Each structure stands twice: as C-alpha cells, then as structure tokens.
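This explanation goes through helix packing and then the spaces inside the protein. Please keep the sequence and the model side by side while reading.

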Amino acid sequence: MSVKGKTAVITGSNSGIGLGIAEELARAGVNVVLNSFTDSEEDHALAKRIAQETGVEARYIQADMSKGDQCRALIEKAGRCDILVNNAGIQHVAPIDEFPTEKWDAIIAINLTSAFHTTAAALPMMRKAGWGRVINIASAHGLTASPYKSAYVAAKHGIVGLTKVMALETAKEPITANAICPGYVLTPLVEAQIPDTMKKYDMGREEVIEKVMLERQPSKEFATTEQLGGTALFLCSDAAAQITGTTISVDGGWTAL
Ligand code: NAD
C-alpha cells in the first residue's frame, strides 16, 4: 500500500528532526501536519513552503506538548492521523541532586507523556481507517545512559517501553508502533548544548563536537535529519508491516559499543 494521500501528524516539527521527517514524508506524497508550541508567521510559512514544494496538503497546528489536553486537541484538529510521529522533545543537563524539579517535570511531560496522549487520541482514527503507524523518536539514550541526563534518559527509556506496549495492543491490527533511536544529529537542540559544554571542558567548538559529542558515535559523523526522515518513511512502507514493538538505531554504531 502506498503512503501517498495518507496524513501524518508530527509533533515538534518546526525545526530539526521533526521538520526533516515531515519534509521526507511530504516528498513521498503524505499530507503533513506540523506542530510546535509557538504560533508564528514562520511556523505557518514552513507548512506553506512544504505544500508548494511537494504538492501535498501541509498545515501547521499550534499545541503545547507539555499539556495533555492540547496533545489530544492537536490530533482532533488534524481530523485524520494515519501516521503519528511523536518527536517533540527538550533537554536539560544537570546532576540528579541539582536537577530542577520543573525541568524534570517538563522533560517527562514533553518527551514521554505527550506520546501517551497523542497516541490515545490517534488510535481510534487509525482503527477507523484500517491502517496506522506510530513512530516514536526516542534516542540512543532510550537504550543507554549518560550522566547528568536523568530526566531525558528516563523519558527516552520510558517511550521505548510505551512503544512495546502499543505494539502489543495493536499486534493483530494493520497498525505498527516502533521507536527510532538517533545518535547525535546536529539540530538546534544539540547546538544549544555546545556553548555550555565548551565552558565545562574548556574546549573549542570542533573539539567539543569530536571529543565529547561524537565520542560515543564510532562513525564520528552526525546522523542527518534526511536519514531519520528516510527511516520513518521505511517504517511506513509495506516492507515494515511486520516490524512492530522494536527500536531502530540510527547512531553510527553508538549502541554497538
Ligand atoms: P529541536 O530542538 O530542533 O526540535 C525539538 C522540537 O520540539 C522543536 O520543533 C520544538 O519546537 C518542539 N517542542 C519543544 N517543546 C515543545 C512543546 N512544549 N510543545 C510542542 N513542541 C515542542 O531538536 P531535535 O534534535 O530535532 O529533537 C527532536 C527529537 O529528537 C527530540 O525528541 C529529541 O530528544 C530527539 N533526539 C535528538 C537527537 C539529536 O542529536 N538532535 C538525538 C536523539 C534524539
């Protein structure tokens, strides 16, 4: 079955990996719903550009993924959701005994709980349509840990667990649920970590990228948003119909170490 004409909702897709996945799905003929918590002209312009470039229907719907009711409203406003990509995510780095509670709560809400709400709202639509794909953007940190990333690692391990449960609950239906686990991808989320890491280790930008960020990525290259888009598109294909409840690493060998 072709994905052409299906509708995908991609949370947190006005930048980085989410935008890359939206663009790749749109190039394959999938109508896309972009999202973030902001509601700017630039946000809507992104959807317009994708529609013009690919000929699909592209919309931008504002919804804050830290709020359960807004997560569910996003899916309701989309009206249709054949492909759900739970991608919205934030990061904060601090030792556990200094980790601000509000940062912990925000990371768990945006990186984990939002996927529960959007999936709960989207599953009935997928069942009605007789086909569905849930793609959760976890991380190499959904399979391994790093110090000072307690909330992020907990949320990403949590979303891998949630993915397995979703897969079991839909196993007999033409619906799959999988998690993509990227290693480092040079997006705004990662860019934002560079200045602090430079200060912490007294290193220059290139040294931080090579010796700190890509230290655990044996390929010594960032994964790209296009590669993640391609992986998401593969999970929507017929070839992936029996792939469910699992993780696909796009991490240059990180989790092989
Ligand atoms: P990014 O900062 O470019 O994108 C994050 C997106 O989430 C943005 O569109 C942002 O607007 C959105 N967002 C943040 N808070 C939100 C909220 N409350 N409501 C709605 N949207 C919200 O970062 P990215 O690197 O593209 O990250 C995307 C996902 O990929 C995240 O879940 C992240 O954990 C995961 N990831 C990233 C990397 C990496 O190296 N960049 C590696 C592994 C996993």
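Contact here means heavy atoms within 4.5 Å. The model is a predicted one.

Start with helix α4, residues 101-129, and helix α5, residues 150-169. Their axes come within 8 Å and cross at roughly 15°. Angles under 35 degrees count as roughly parallel, so α4 is roughly parallel to α5. The crossing of α4 and α5 is right-handed. On the α4 side, the residues in contact are Trp 104, Ile 107, Ile 108, Asn 111, Leu 112, Ala 115, Phe 116, Thr 119 and Arg 127. They meet Ser 150, Ala 151, Tyr 152, Ala 154, Ala 155, Lys 156, Gly 158, Ile 159, Leu 162, Met 166 and Glu 169 in α5. By class, this contact of α4 with α5 is made up of 13 nonpolar, four polar and three charged residues.

The α4 and α5 helices also take part in enclosing space. The count of cavities of 30 Å³ or more comes to one, and the largest cavity holds about 40 Å³ of space. Its lining consists of Asn 86, Asn 87, Ala 88, Ile 110, Asn 111, Ser 114, Ala 115, Ile 137, Lys 156 and Ile 159. Two elements, α4 and α5, give two or more residues to this lining. With four residues, α4 gives the most. Five residues of the cavity lining are nonpolar, four are polar and one is charged. Asn 111 and Ala 115 of α4, and Lys 156 and Ile 159 of α5, are among the residues in the contact between the two helices, and these four residues also line the largest cavity.

Next comes the open space. The largest pocket contains about 760 Å³. A total of 37 residues line this pocket, and Asn 87, Ala 88, Gly 89, Ile 90 and Leu 189 lie nearest its centre. Of these, Asn 87 and Ala 88 are also found in the lining of the largest cavity. At least two lining residues of the pocket come from each of α1 (16-27), β2 (31-36), α4, α5 and α6 (188-191). The pocket lining divides by class into 17 nonpolar, 17 polar and three charged residues.

Helix α1, one of the elements that supply the pocket lining, also packs against helix α9, residues 225-235. The axes of α1 and α9 come within 8 Å and cross at roughly 55°, and the two helices are therefore oblique to each other. This crossing, too, is described as right-handed. From α1, the contact involves Gly 16, Ile 17, Gly 20, Ile 21, Glu 24 and Leu 25. Their partners in α9 are Thr 225, Glu 226, Leu 228, Gly 229, Gly 230, Ala 232 and Leu 233. The contact of α1 with α9 has six nonpolar, five polar and two charged residues.

The last pair is helix α7, residues 194-201, with helix α8, residues 205-213. Here the axes come within 10 Å and cross at roughly 85°, and α7 and α8 are therefore roughly perpendicular to each other. Ile 194, Thr 197, Met 198 and Tyr 201 of α7 meet Arg 205, Val 208, Ile 209, Val 212 and Met 213 of α8. Seven residues in this contact are nonpolar, one is polar and one is charged.

Note on methods
Residues are numbered from 1 along each chain as its sequence is written. This is a predicted model: local features need pLDDT of at least 70, side-chain atom pairs count only at pLDDT 80 or more; totals for chains, interfaces and linings use all residues. Side-chain values use heavy atoms; hydrogens and water are left out. Axes are lines fitted to C-alpha atoms, for helices over the stretch in contact, and angles run from 0 to 180 degrees between N-to-C directions. Angles under 35 degrees count as roughly parallel, over 145 as roughly antiparallel, 65 to 115 as roughly perpendicular and the rest as oblique. A crossing is left-handed if the near helix is turned anticlockwise from the far one by less than a right angle, and right-handed if clockwise. Ala, Val, Leu, Ile, Met, Phe, Trp, Tyr, Cys and Pro count as nonpolar, Asp, Glu, Lys and Arg as charged, and the others, Gly among them, as polar. On a 1 Å grid over the protein atoms alone, a cavity is a set of points where a 1.4 Å probe fits but cannot get out, and a pocket is an open set with protein on both sides within 12 Å along at least five of seven lines; lining residues have an atom within 4 Å of a point. Grid points are joined across faces, edges and corners, and a volume is the space filled by probe spheres set on the points.
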